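Student: I would like to understand the terms people use for a structure, and how a value leads to a word. Could we go through one together?

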Amino acid sequence: MTRIEAIIQPSRFEAVKTALHEIGIEGMTVSEVRGHGRQKGHTETYRGREYEVDLLPKVKIEMVLPYNLVDSAIQTILKHAKTGKIGDGKIFISKIDEAIRIRDEERGEAAL
Amino acid sequence: MTSLRDSCAAESARIEREFEAASDGRRAIQARAAQMDQIVVELTHTLLAPDITRVCLVAIGGYGRQALFPFSDIDLLFVCEDAATLKRYRDPLRNIAQVLWDLRLKLSPAYRLVSECEAFSRDNPEFAVSLLDQRYLAGDPRLFSRLHQEALPRLLARSRSDLLRDISHLTRQRHAKEGHTIFHLEPNLKNSPGGLRDYHTACWVAMLSHPDRIADWAAPENFWPQQRREEMRQAFDFLAAARCFLHYRQGRDDNGLSYELQAAAAGRGIGVEAGRPLEPADWMRIYFRHARAIYSLSTQLLDEALPVPVTLLSRFAGWRARRSHPETSVAGGRLVLNQPELVRDLSRLLSLFLSIAQNGLKLSREAEEQISRALPAAVESGARVPGLWEPLRQILLAPHAPSALRAMHSSGLLVRLFPEFAVIDSLVIRDFYHHYTVDAHSFIAIENIHRLRQAQHDWERPFSAIFSELEQPELLFLSLLFHDVGKGMPCDDHVAGGLQAVEGVFQRLGLEAEEADTVRFLIREHLQMSVNLLRRDIFDPETIRAFAEKVGSPERLKLLTLFTYADIRAVNPEALTPWKAESLFQFYVSTANYMSRSLDEERFHAAAQDQHIQRILSVLAKSATQPDTRPETQHDLTAFLEGLPRRYVLAHTPEEIAIHFQMVQQLKKSDVQLRLSKREHWYRLILVTTDRPFLFAGISGVLAAWGMNIWKAEAFGNAAGIVVDTFHFTDPHRTLELNPSELQRLEQNIAAVVSGKTPLEELMRGRAASQALRPPKISVATEVRFDDSSSSHSTLLEIVTQDRPGLLYHLSSAFAHTGCNIEVALIDTEGQRAVDAFYLTVQGRKLSLEHQQKLRDVLLAGA
């Protein structure tokens, strides 16, 4: 099993979610987050006050998938989250040792 | 044990079958309580003794009321005479509990000495509440009699007030969690406002409100007002049937009425006469009717028994309500009508609701019914009521407007005045996000804006600041009230439906064209900011440009931002996260900055914008006072618009531009054209003339000399050197209001100064002395910022400083004295802060760095 954590532009979230559903990936955890990579932020002046926009809004999608779905999920995220501009986000991939469904204590891929 | 389990299962199945056949919830819960009684009595006889003394078993809570829902907990109290008896019988009593557990019954046992039942524990008020519904089951009847006739009356005599306070606190806390509304799309039959918990709250409060009758243990329903008992009985029967249905369907104590279960219950006609199948939306309307009856009585009884803490302010509110409406009085925190016949007069009725909007008092149920009955005499449905906008405007602006609107809706007045609203009455729209019915969503959205007056969180404060700057907040409230009526109309696009419906509202209210246009704009574009936040990169300059273009003016941007804030927040309590709110504000800031910084750069070129020209020509041709269809008009209009900032064309309606154009045409007769008009609480001066030095300074100087307070101004110029300046000002000394003839003299003064016939200095004499008398309430540090990148041929100067009389005159004089020409100006005021932007040139070019420094020094010295 593999955990995929994708941090993407909020404006691309709907497209990514729909595309993931279309390839059969329904389960995901989504969070509203703020942050920056090399993109950094900027300062806005509004009505004489300065607003630090140094942490930009992003959406974080997390999912744990069986191995056979990992590649297609990554390709789908890349295809739909990419605009080619700085700030498109990142995908982090890591291995998962075990998954347990709390309700019936089923384990492994069957619990996903 | 096996036979007991079998007989228990058989009886449970029989009760369920009977419910399946008749959908009689009341009968099912009584049958289940009777079934438990039999089991408990049998176990007591078997495991203790039929004639045991000093111990008794008591049903409490729902079980005590003989209202045991299929999967509800069974509250059982084991009462002992003294500690020794409790010690002696502890194991046999636990055995009874164990057997009930083994029967898979959800038992909540409690073990108490009879003396302990007299003590009120602040940590566990729920236990004292459950004792209010106590019922003898088995054991020593004399011990029960002591509990029933001595211990509990003593508890209530001592702690009745504490108990009432705790019930009130827990109820208000529960209602607050649910947004104080019954109109949830997926309500909880037990805990939502208007649910079964509220029904029982009405029972407990009624009982505790009659201390002299507590020892009688009469049915609490007998203490309710006679005329409310039947509707409460019907409401209970409906909810009991629906809750039994949910329990059997889910196989557990699950009281959430999800969409799926609503459809199933409606299809089975649960709680409906003769089990007639209904559409889910119609079935939910019945639910809301019953929930409204329960919510209304329970909150009314709570208000009467334990009014919200009386403060000096609320005493004053009650006194003020009585003074302005001697035909009303306040009883138990609710407005009561002393002379119900008077509300047949619509103006009195509206003024009553205005009083509610100002003071936050609620209508008593009886008053609500009296108003409902008086409505046919007060107003014909959908009739045009002359002057209706003014009282409605005042209601919308008052701090408790949502309470007044809800009361107007409950009594039927809102739908009577605006039949368009009827289609969203208790309307359930099924989606994953919305928690409230469409009408409730609209009221909550309005409430969200009013709450900005006292922002609770840091992320709310920027929106509070925007709210305080609005010119006509009433237009925002009116738009929120009607923005979703299209959802109840037979059309695919609810926005288009809403726009269609709202035209009738405009006609009935007699809204001015400009006001109606703003409301149309807000309803038409009310999803735009959400769509941009969700689907566009709000940091992309192209997104900002396209959005700013669609919005047109900073005022509309403010309105739309607040609309979006209120609308998202009214979807459900968690919908507007701080993350979304911050993103919304960032989007607002970027767009507002784009609007002011692109102002000078983006100019209107008539040849490429023919559709604007045609729209204005059409307005001119239809002008009621002076229809203009001359062939040369198009040429003249094109010449007027050429080179004006695009913002001018986007921010003004074709009707406004047509007026400016007519003023331009009059320049041949007189080279200064003025139009001065009174708005709600302020004045607007439009001046059209040819550009000249000291023009802006001259007008602001005259207004300052007259003691007027300019809070907003704009100056636009076209390629031919014609300027259109607009000043919005208030009259703090009420000079113009008390002396209407002075309006004409002010116009003459301005024309004389602008045309150079009267020196401004003459008028300005004497101002310095009066200014010195008024020190500012708060101090605002002056900030001066130059920006050479926003325009290719002007320098943008942004200045934030202390607002004060004559400020604009001093600033524009400083520009004139340092040789600067104002190309475009935008003046705004935020409380005590003046926030101004000027695009300046010196001899047609940007300001050099030296010139900027010189001007900065002059401005800072003057501050």
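Tutor: Let us begin with a sheet of chain B, in a model that is predicted. Its eight strands follow the order β8-β9-β11-β10-β14-β15-β13-β12, the sheet is open, and the pairing is antiparallel.

Student: What makes β8 and β12 of chain B edge strands?

Tutor: Two strands pair if DSSP finds at least two bridges between them, where strands are DSSP runs of E with at least two residues and helices are runs of H or I with at least four, both numbered from the N terminus. β8 (672-678) and β12 (783-787) of chain B each have a single partner strand, so one side of each has no neighbour in the sheet. From one strand to the next, the twist averages 15°; the axes behind such angles are lines fitted to C-alpha atoms, for helices over the stretch in contact, and the angles run from 0 to 180 degrees between N-to-C directions.

Student: How do you know that β8(B) and β9 of chain B count as paired?

Tutor: The definition asks for at least two bridges, and β8(B) is joined to β9 (residues 683-690) of chain B by seven, with the two strands running antiparallel. One of the residues to look at is R675(B), whose bridge partner in β9(B) is I686(B). In general, strands of a sheet pair through backbone hydrogen bonds, either parallel or antiparallel.

Student: Which helix lies across β10, β13, β14 and β15 of chain B?

Tutor: That is helix α35 (residues 807-817) of chain B, which runs at about 25° to β15(B). Y809(B) has its place in this helix.

Student: Why is Y809(B) called buried?

Tutor: A residue is buried if 20 or more other C-beta atoms lie within 10 Å of its own, exposed if 12 or fewer do, and partly exposed in between, with C-beta atoms placed from the backbone. Y809(B) has 23 C-beta neighbours inside 10 Å, and therefore counts as buried.

Student: Which residues are in contact with Y809(B), leaving aside its neighbours within four places in sequence?

Tutor: Contact means that the C-beta atoms of two residues, placed from the backbone, lie within 7 Å, and by that rule Y809(B) is in contact with A697(B), S700(B), G701(B) and A704(B). For A704(B), which is 105 residues away along the chain, the C-alpha atoms are separated by 7.2 Å; that value is between C-alpha atoms, whereas the contact rule uses C-beta atoms.

Student: What makes helix α15 of chain B mostly covered?

Tutor: Helix α15 (residues 401-411) of chain B has 11 residues, and nine of them are buried. Among them are L405(B), R406(B) and M408(B). After α15(B) comes G412(B), with a positive phi near 95°.

Student: How do you know on which side of helix α23 of chain B the buried residues lie?

Tutor: In α23 (residues 541-551) of chain B, the buried residues are I544(B), F547(B), A548(B) and V551(B). They cover an arc of only 100° around the axis, which puts them on the same side of α23(B); the arc is that of the directions from the helix axis to the C-beta atoms. The buried residues of α23(B) pack against α22 (528-535), α24 (554-569) and α25 (578-597) of chain B.

Student: How is the sheet with the order β3-β2-β1-β4 in chain B paired?

Tutor: This open sheet of four strands has mixed pairing, and its edge strands, β3 (107-113) and β4 (135-139) of chain B, each pair on one side only. Between β1 (residues 55-59) and β2 (residues 74-80) of chain B there are five bridges in the antiparallel sense, and in β2(B) the bridge partner of L57(B) is F78(B). Helix α2 (residues 25-47) of chain B packs on the sheet, where it touches β1, β2 and β4 of chain B, and its direction makes about 30° with that of β4(B).

Student: How many residues of chain A are in contact with chain B?

Tutor: 12 residues of chain A are in contact with 17 residues of chain B. β2 (29-35), β3 (42-46) and β4 (49-53) of chain A each supply at least two residues of the side that touches chain B.

Student: How are the residues numbered and the chains lettered?

Tutor: Residues are numbered from 1 along each chain as its sequence is written, while chains are lettered from A and ligands numbered from 1 in the order in which they are written. As this is a predicted model, local features need pLDDT of at least 70 and side-chain atom pairs count only at pLDDT 80 or more, while totals for chains, interfaces and linings use all residues.
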